[in-house]
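I opened the notebook to go through the cavities, one helix and the domain layout of this chain. The entries follow in the order in which I looked things up.

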Amino acid sequence: MEVKTSLLDNMIGVGDMVLLEPLSEDSFLENLKNRFDHNEIYTYIGSVVISMNPYRSLPIYTPDKVEEYRNRNFYELSPHIYALADEAYRSLRDQDKDQCILITGESGAGKTEASKLVMSYVAAVCGKGQEVNKVKEQLLQSNPVLEAFGNAKTVRNDNSSRFGKYMDIEFDFKGDPLGGVISNYLLEKSRVVKQPRGERNFHIFYQLLSGASDDTLKKLKLHRDFSKYNYLSLDSAVVNGLDDAANFRTVRNAMQIVGFMEDEVQSVLELVAAVLKLGNIEFKPESRCNGTDESRIKDKNGGLMDEKQETKSLFLMKSVLERAFSYRTVEAKMEKVSTTLNVAQAYYARDALAKNLYSRLFSWLVTRINESIKVTKTRHKVMGVLDIYGFEIFEDNSFEQFIINYCNEKLQQIFIELTLREEQEEYVREVCLWFYISVFNMLYNQNGILAMLDEECLRPGTVTDETFLDKLNTVCAEHQHFESRLSKNSKFLTDHSLPHSCFRIQHYAGKVLYRVEGFVDKNNDLLYRDLSQAMYKANHSLIKQLFPEGNPAKVNLKRPPTAGFQFRASVGTLMRNLQTKNPNYIRCIKPNDKKASHIFTESLVRHQVRYLGLMENVRVRRAGYAFRQAYEPCLERYKMLCKRTWPHWRGPAREGVEVLMADLQVPAEEFSYGRSKIFIRNPRTLFFLEERRRQCLQDLATLIQKIYRGWKCRSQFLLLKKSQIVVAAWYRRYAQQKKYQRIKSATTVVQSYTRGWQVRREYRKFFRANAGKKIYDFTIQRIMQKYFLGLKSTMPSMSPIDKNWPARPYLFLDGVHTELRRIFHLWRCKKYRSQFTEEKKAVYEEKLEASEIFKDKKALYPSSVSQPFKGDYLEISKNPKYQKLSSAMDEKVLLADVVNKINRANGKGTARIFLLTKKSVVLADQKTGQVKASVPLPDLTSVSVSTQSDGFFALKLKEVRDPSVKGDFLLSSEHLIEIITKLHRIGATAADREQLNIDISDEFLVQFKQDKVCVKFIQGAPKNGNSVSCKRKNNRLLEVSVPTTA
Ligand SMILES: Nc1ncnc2c1ncn2[C@@H]1O[C@H](COP(=O)(O)OP(=O)(O)O)[C@@H](O)[C@H]1O
Ligand SMILES: [Mg+2]
């Protein structure tokens, strides 16, 4: 956003001189210069705009600028002419106040430019539309036309307005322009025939000659060469930066826009050409018969006024024109007196005609333009723009300068009156107004200089410029602003800077020396009737129209009003007009005399500041209150300085301002409250407010910055967050899609596997691979079947000792085969056992016991296994031999056998019958059957046997101290195993006795009577067949030799 500068912000120097501190002429100038150096050409004094001519184009009039200033408060932005134009336009539109823009300043200070800027601004901001735009264009385009005809280059200004112009722009109730009226004041027509050194004639002459087409020039019978024309000054015909040819096209174009018809344009150009050609008419004297000289038009060779061209040049017969330049007819009371003109008089008449023709043409142009821009609808409001020629002082000042300066004096007075009227009456009375009033009175009053000139002109008798000066010298002698050599005031008698034919007036803007020559004539502004009648005869409707008094039918003997009178009257009307309007002032200042940019000639500016009364202007503004502002903008500007008014004050603005001032503790004498404005007495107070505001603005800026940054970051963050959510959503979606697809494909895989598996399971039976197993199982079954069936036929015998068992047909049946064999064996054994009788069972029990006792302990054992235990080998009960013995036994005989009883003395055996019952062991004589010894079983402690294959055994008895007892028995039997087994069985089944010890060893002790003899078994070579031999070795040793069993 563009930073707008307020009147109080970022200002170069001080934007409003009222706020200048300290206020002095030097500081005033310093401020102007400072601003001028920084291209700030506008500065305010309250509502007055000071404009310094920059003499170069500045980029401050762009459409953007127009927009910037549009509808803004006057003090809101930096000073600009647009601010003033806007203010004027808005109060016209919104408050129904007629406005006038008064632009004053020296020649070349920029008044015309300023008026154009104001008009273009208003045109830019007011309504739009086809109709309105046409009106705007016409109003704006009237300027180039009038400037071409009314402006000229002077030493002060290349485009100096040589006429005064006041333009009323008329608006409807909406503020749209409807049209306007232009008033012109006194064109400086003397310029047509003569220009001061370094100056030019009016632009249009040069424009026509340089810009018109060859064709046009030919038609107008003109030459392009300026030097061909007497009326054109040649030394400054070409002006730098002024393109006459281009301007001519602009003018023609403008004329067309304003509404000139093509034939009207043509007529105007013809008149311009006529003026030029008029200047080239020359005269020669011709002696008359009465001795006087009469002038005759010189026929130059190839001159412009030859017979053939007469109608084309001035649209007059040469004879008519010649007559007009040769005679002057004075009519008085029905009497006509003709006097001849000499050459000088003829030239005078020629110039008078040229001037008149041109100035009438100019007036006609204004009228014609007014016709075009005339308002047909009801107008509502008016804005007047006054651009009058500026105050000027030349080397040679004549009647025109007098008039011009008179007008400026009048304007200055108006300015002073109107601006100061608003201020304190007392101050105005005391400080400044007296000066202006006194000068002005001298010029303008009933007996002012102009009135005296009129008086002089109308007086009968000879009237010359000198008589006029004399009159002035007498009347104004005492006036303190009038100076003349011949005045009664002795002070000037010796003033050599004051020529005799001159008088000097001390104007508000400086002293001006006027040459009195021509005053009377110019004021009379008379054209000989012969001339106007001649012009009326012209074969040209416009010329005819411009000289109505030449119509012989309307002879008017009444003297036309003098120029001075007309001017006074029109200025008077103007002033009355202005006073009904709300004035807006633009005070133009010229920074230098060289028309140069960037140069600030202090003395020159100081002079202008003085005579324009700008310092007084500031002082008056400040005398009461330096600064005033309507409550609304004031509150708007400073409301941030107080909590109660910031950010919004609800209530009347005035109360808001009161609260604000109270809060800021501004001393009560520093300001006061008006009806609609607050008045601040001292600029310091304003600066204090401004400083506070500046600080506050910085804080606010920081705050705004903070909030903005916060907001920006936050919105950025929210955006990021939103984007993140979107991204995340998309990503999640994507990820889930991926995941889902993975799961889906995995599911499909699993599903297909499962289904495959199910289907395979279902169909497995149909598979070839399974056929194998089936076949296999079947084969196995068949094999087993065959195996078992085969086994039935190849079964071995039921004998438990049969070792046969069919061969195993298949390796895999190994376990089964072995197990079956075992089971079969067990079963066969069981079967076998189940056929046993009780006796047989007992026999086998005995055999079993024998095995337990002797197996692997005694070498004799294996040979005993196959021998059945008969028990009663002697058949004792049956054999009558043993009748007696048998009957002696009270117990059943369990065993009866013949044994050898070893003699302890020599080791020789004696046969004895051995009987065993449940209770005792009985030894009896074999032959007799006589019982030799009976040993109750309980006396038997142990039995000793050898490990060898012999039949020796020792029965060991309890030790008894009975000498009748012969001791232990050492016996030998073929049925040793059976005997010992039965002995052991009896011991095992008897409850009252201890278990019989069976001692198996190759060396044991045997008790014989009192002696203990050791029986030792040795392995010996077989002697005497296979029998065992026992020998007594010594008392204590009995050696048994057992043959080795092969
Ligand atoms: N605001 C401006 N910007 C640029 N140049 C300017 C400005 N005002 C005046 N001038 C220049 O100064 C010259 C004289 O201005 P002008 O308005 O004709 O003076 P005045 O009407 O007061 O005699 C103009 O031709 C122009 O070159
Ligand atoms: Mg001007």
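Entry 1, second largest cavity. I asked which element gives the largest share of the lining of the second largest cavity. It is α5, with three residues. The model I am reading is predicted. α4 and α5 are the elements that give two or more residues to this lining. I listed the lining residues as Thr112, Ser115, Asn143, Leu146, Glu147, Asn151, Ser161, Phe163, Lys165 and Asp387. Sorted by class, they come to five polar, three charged and two nonpolar residues. I noted a volume of about 60 Å³ for this cavity.

Entry 2, largest cavity. I then turned to the largest cavity, which holds about 80 Å³ of space. Its lining is made up of Met119, Val122, Ala123, Cys126, Lys136, Leu139, Leu140, Ile169, Phe171 and Pro177. Two or more of the lining residues come from each of α4 (111-125), α5 (130-150) and β6 (164-171). How does this lining divide into nonpolar, polar and charged residues? I found nine nonpolar, one charged and no polar residues.

Entry 3, cavity count. I also looked up how many cavities reach 30 Å³ or more, and the count is four.

Entry 4, helix α3. I checked the length of α3, residues 81-95, against its residue count. Its 15 residues at 1.5 Å each should span 21 Å, because the expected span takes one less than the number of residues. The end C-alpha atoms lie 20 Å apart, so the helix agrees with the expected span.

Is α3 mostly covered or mostly open? I found it mostly covered, with eleven of its 15 residues buried. I took buried as under 20% relative accessible area. The buried residues at the start of the helix include Ile81, Tyr82, Ala83, Leu84, Ala85 and Asp86. Further along, Ala88, Tyr89, Arg90, Ser91 and Leu92 are buried as well. I noted that Asp86 and Arg90 are among the buried residues of α3. After the helix comes Asp96, and I read a positive phi there, near 60 degrees.

Entry 5, domains. The domain assignment gives the chain four entries, and I copied their bounds. Domain 1 is written in three segments, 1-111 + 393-492 + 561-624. Domain 2 covers 627-691, domain 3 covers 770-834, and domain 4 covers 839-1043. How far apart are the C-alpha centres of domain 2 and domain 3? I have them 133 Å apart.

Conventions. Residues numbered from 1 in each chain as written. Chains lettered and ligands numbered in written order. Predicted model: local features only at pLDDT ≥ 70, side-chain atom pairs only at ≥ 80, totals over all residues. Heavy atoms only, no water. Domains from an automatic or database assignment. 1 Å grid on protein atoms, 1.4 Å probe; cavity = no way out; pocket = protein on both sides within 12 Å on 5 of 7 lines; lining within 4 Å. Points joined across faces, edges and corners; volume = space filled by probe spheres on them. Nonpolar A, V, L, I, M, F, W, Y, C, P; charged D, E, K, R; others polar. Buried < 20%, exposed > 50% of the residue type's maximum accessible area, 1.4 Å probe, protein only.
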